[in-house]
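This report looks at how one helix and the nonpolar interior of a protein fit together. Please look over the sequence and the structure before reading on.

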Amino acid sequence: MSTYTLLLRLEGLLQSWGVRSRFNDRDSLPRPTKSGVIGLLAAADGHDRDEGNGDFGPYLPLARLAELRFGVRADRPGELIEDFQTAGGGNYPLRPRDLILDPERAELAAPALEDATGPTFTRDVAVSIPRWYGAPKNIAPNPVSGELQAGNKHRHPHISRRWYIADGAFLAGVESTDRRLLAHLASRLDTPQRLLGLGRRSCAPSHPINAGIRPGPLEDVLATTPLLPRPAAPACAAWFEVPPHTPGSVPHNDQPVSFSSRHRTHQPRWEQRTTLTPPAGAST
């Protein structure tokens, strides 16, 4: 039975392929993961994370996509960089609506309002209202009086660390004996049903992702397809999915089982690292 490989060009200013990203700590492997690439294909196909309670509609079920054999080649590994982010820090200007929703703070601000209305409704509000941080949140009617009030008056900055691959270029592939399936996915990559990103929605690809379907298994196709422009070296590292416990292979917990927002699940798969020396490609 013939085997075919769909190639995906994963190149952009930034990309991020996390394996344990949770809450404020968003990691990235130095190469694309199978879960991330299958997620990209699922997004292109219009996949519903919860799979519509079993009604798959016009998109393929995740189990069908997860069966594809995965491999990736690092033509230009790029550089891992950290992005330290804070959101919501600093003293925000006081607004009239904030006083309406928070009688306690309105009383504290009253002296300054009587002396000089203008400066109080600026960032100088911290002088007149101790512990002022920002706009009140969780606004709802008071259960007794019925007046609107803020349920959260003491906010704090949100801090996160996010890792990205800068200026990376990878050639990934998914292998199958079902050429019609690969042709369907290639078509979806050209006309995606959802926004496509390189591991995250914010990481836009700089080139079309669909790099065509080639006859042959992953190893042969990635070894013979020319290098992407500006390769780091004539030889490049590559990783191929192999049967469990294959000699020289290691497990990775990035085999997608469910992309559900509430019950995202992965299981281990095995991959083997090797070095390839593909033919030279275009210079630009």
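## The nonpolar cores

The largest nonpolar core, a set of buried Ala, Val, Leu, Ile, Met, Phe, Trp, Tyr and Cys residues joined through side-chain atoms within 4.5 Å, has 36 residues, and those with the most contacts inside it are Leu6, Leu8, Leu10, Leu41 and Leu189. Here buried means under 20% relative accessible area, with a 1.4 Å probe and protein chains only. The largest share of this core, 7 residues, comes from α1. A second, separate core of 10 residues includes Leu7, Leu218, Leu222 and Leu276.

This is a predicted model, in which local features need pLDDT of at least 70 and side-chain atom pairs count only at pLDDT 80 or more, while totals for chains, interfaces and linings use all residues. Residues are numbered from 1 along each chain as its sequence is written, and side-chain values use heavy atoms, leaving out hydrogens and water.

## Helix α7

Helices (H or I, at least four residues) and strands (E, at least two) are DSSP runs, numbered from the N terminus. In α7, the buried residues are Leu181, Leu182, Leu185, Ala186, Arg188 and Leu189. Seen down the axis of α7, these fall within an arc of 160°, so they line one face of the helix, the arc being that of the directions from the helix axis to the C-beta atoms.

## What surrounds the helix

Among the elements that cover the buried residues of α7 are β1 (4-15), α1 (34-44) and β7 (158-176). Leucine 6 touches, among others, Leu182, Leu185, Ala186 and Leu189, not counting residues up to four places away in sequence, where contact means heavy atoms within 4.5 Å.

How values were computed
Buried < 20%, exposed > 50% of the residue type's maximum accessible area, 1.4 Å probe, protein only.
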